Amino acid sequence: MTLLGATALVIASMIGTGIFTTTGFLAADLGGPSTILLCWLLGGVLALCGALVYGELGAMMPRAGGEYVYLTRAFSPIVGFMSGWVSLIAGFSAPAAASATAFGTYLHAANGAISVKWAAILLVVALTVLHGSSLTVGTRVQTLLTVGKVVLIIAFFVAGITMGRGEWSGLTEGKSLVDTDWNIFAVSLIWVSFAYSGWNAAAYLGGDIENPGRNLPLALFLGTSTVTLLYLLLNVVFLYAIPVQELATGRGGGPVIEVGHTVALALFGNIAGGAFSLLITLALASSVSAMILAGPRVYQAMAEDGMFFATFCRKNEHGVPQASVALQGFLTVFLILIARFEQLMYYIGFTLAIFSALTVFAAVVLRRTQPEFERPFKTPFWPIPAILYMGLSIWMAGHTIFARPQECLAGIGTLMFGALLFFWWRKNSLNTAS
């Protein structure tokens, strides 16, 4: 995978469900445009700090697997195994299910005869077949989808500001920044961090990227910076088109979920707005595609280390771990069938905040315990990015435990089950060896 392909993967992994669904929930919780924009900006800074640290780790250990590889080296195999388990459920399957569900929701909004769940399932099956056949073909399709996604967002912003029916007063009305409840703000950052999740996507491919010591950290930085700018532009358009209060309540009294669809209709009317809404499904499909492409590399790395079934590391003649790709697709479909969208968002945000912060801490540990290790890329302004990322992540996770205990318990339960699975696996491996 080239630098362009790796950067496209990062952008595609990030721009998905969150940006087209989250602002309505933020409007309901925060109530002010300045606070909403600050939340999106801070989420971008948080993601960029994480991307810089992951760039150092990925350049040090250019191997497929991401957090599994880094945490195993910094701490122990059990920590690495638990991160791989979390990646399997919360890192890729759940976000892919959420994005696929949003894809179906947007199609249903455009045509009420389309089933949300069936549209989501068919998308996942089609992309699983694509990425299970060839890495080269899958990467090319992914890059094309991502370029289309970026062009769509820029066109949406320019057309919305220049030709759309909106009011600039939407960016000033509502609660002021000084009236912000910072406890609620911390929980809202969970929503935003979900929208930014995927900034570490290139790290999962490791050695599958050309010249990973240079291109992997560069892809993480370029992809995350680009998405942060695009997110801020999109939210300016959202707030320009629809007042905060309307985003917070919608037609049914609750937050607007299909924000992109609702804003497109408000800006351009039914025909042009409906066309933009259909194009948004392209962005969501690209996000699902990126997760089905990157996620299986974690399970491949675990299987190569004897920490997962050997069949999941076997590749076909095109270099694809087909069993891992199939597993990713199956779990994604399963979560589409059983989980509600809002539950997935909080569950993903909380669980990933914990493990991404632990991975950033791994970089701190490795700097002290293995200073001699070759680092083709070093995090600039060290240790400020690491401290910022860990501090904000812990702040978010702590407040979310009290605000959404059910989803947080599900996340903690996932971690505990992963630990039990590790000991069961190790016991059975030792018995087999003896």
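Helix axes here are lines fitted to C-alpha atoms over the stretch in contact, and the angle between two axes runs from 0 to 180 degrees between their N-to-C directions. With that in hand, let's walk through this predicted model, starting with its helix pairs.

**Three helix pairs**

| Pair | Angle between axes | Distance between axes |
|---|---|---|
| α8 and α15 | about 105 degrees | 8 Å |
| α5 and α6 | about 130 degrees | 7 Å |
| α1 and α11 | roughly 120 degrees | within 7 Å |

Take α8 and α15 to begin with. Angles from 65 to 115 degrees count as roughly perpendicular, and α8 and α15 pack at about 105 degrees, so these two helices are roughly perpendicular to each other. On the α8 side, the contact is made by Trp182, Asn183, Phe185, Ala186, Val187, Leu189, Ile190 and Ser193, and α15 brings Trp395, Met396, His399, Thr400 and Ala403. By type, the residues of this contact divide into nine nonpolar, four polar and no charged.

Next come α5, which covers residues 77-110, and α6, which covers residues 116-131. Their angle makes them oblique to each other, and their crossing is right-handed. From α5, the contact uses Ala100, Thr101, Phe103, Gly104, Thr105, Leu107 and His108, while α6 offers Val116, Ala119, Ala120, Leu123 and Val124. Eight of the residues in the contact of α5 with α6 are nonpolar, four are polar and none is charged.

The last pair joins α1, residues 3-14, with α11, residues 259-294. These helices are oblique to each other as well, but the crossing of α1 and α11 is left-handed. Leu9, Ala12 and Ser13 of α1 meet Ser286, Ser287, Ala290, Met291, Leu293 and Ala294 of α11. Here the contact residues divide into six nonpolar, three polar and no charged.

**Space inside the model**

Rolling a probe the size of a water molecule over the atoms shows where empty space is left. In this structure there are four cavities of 30 Å³ or more, and the largest has a volume of about 390 Å³. Its lining counts 31 residues, of which Ser197, Gly198, Trp199, Asn200 and Leu352 are the closest to the centre.

Which helices each supply at least two residues of that lining? They are α3 (33-60), α5, α8 (182-196), α11 (259-294), α14 (341-369) and α15 (384-403). Both members of the α8 and α15 pair are therefore among the helices that supply at least two lining residues. The lining residues of the largest cavity divide into 18 nonpolar, twelve polar and one charged.

**Two backbone details**

Most residues other than glycine have a negative phi, and most peptide bonds are trans. Two places in the model are worth a look with that in mind.

One is the peptide bond between Trp382 and Pro383, which is cis, with omega at about 5 degrees. Pro383 lies in the loop between α14 and α15.

The other is Asn211, a residue other than glycine whose phi is positive, near 45 degrees. You will find Asn211 in the loop between α8 and α9, the latter spanning 212-241.

Notes
Residues are numbered from 1 along each chain as its sequence is written. This is a predicted model: local features need pLDDT of at least 70, side-chain atom pairs count only at pLDDT 80 or more; totals for chains, interfaces and linings use all residues. Side-chain values use heavy atoms; hydrogens and water are left out. Helices (H or I, at least four residues) and strands (E, at least two) are DSSP runs, numbered from the N terminus. Angles under 35 degrees count as roughly parallel, over 145 as roughly antiparallel, 65 to 115 as roughly perpendicular and the rest as oblique. A crossing is left-handed if the near helix is turned anticlockwise from the far one by less than a right angle, and right-handed if clockwise. Contact means heavy atoms within 4.5 Å. Ala, Val, Leu, Ile, Met, Phe, Trp, Tyr, Cys and Pro count as nonpolar, Asp, Glu, Lys and Arg as charged, and the others, Gly among them, as polar. On a 1 Å grid over the protein atoms alone, a cavity is a set of points where a 1.4 Å probe fits but cannot get out, and a pocket is an open set with protein on both sides within 12 Å along at least five of seven lines; lining residues have an atom within 4 Å of a point. Grid points are joined across faces, edges and corners, and a volume is the space filled by probe spheres set on the points.
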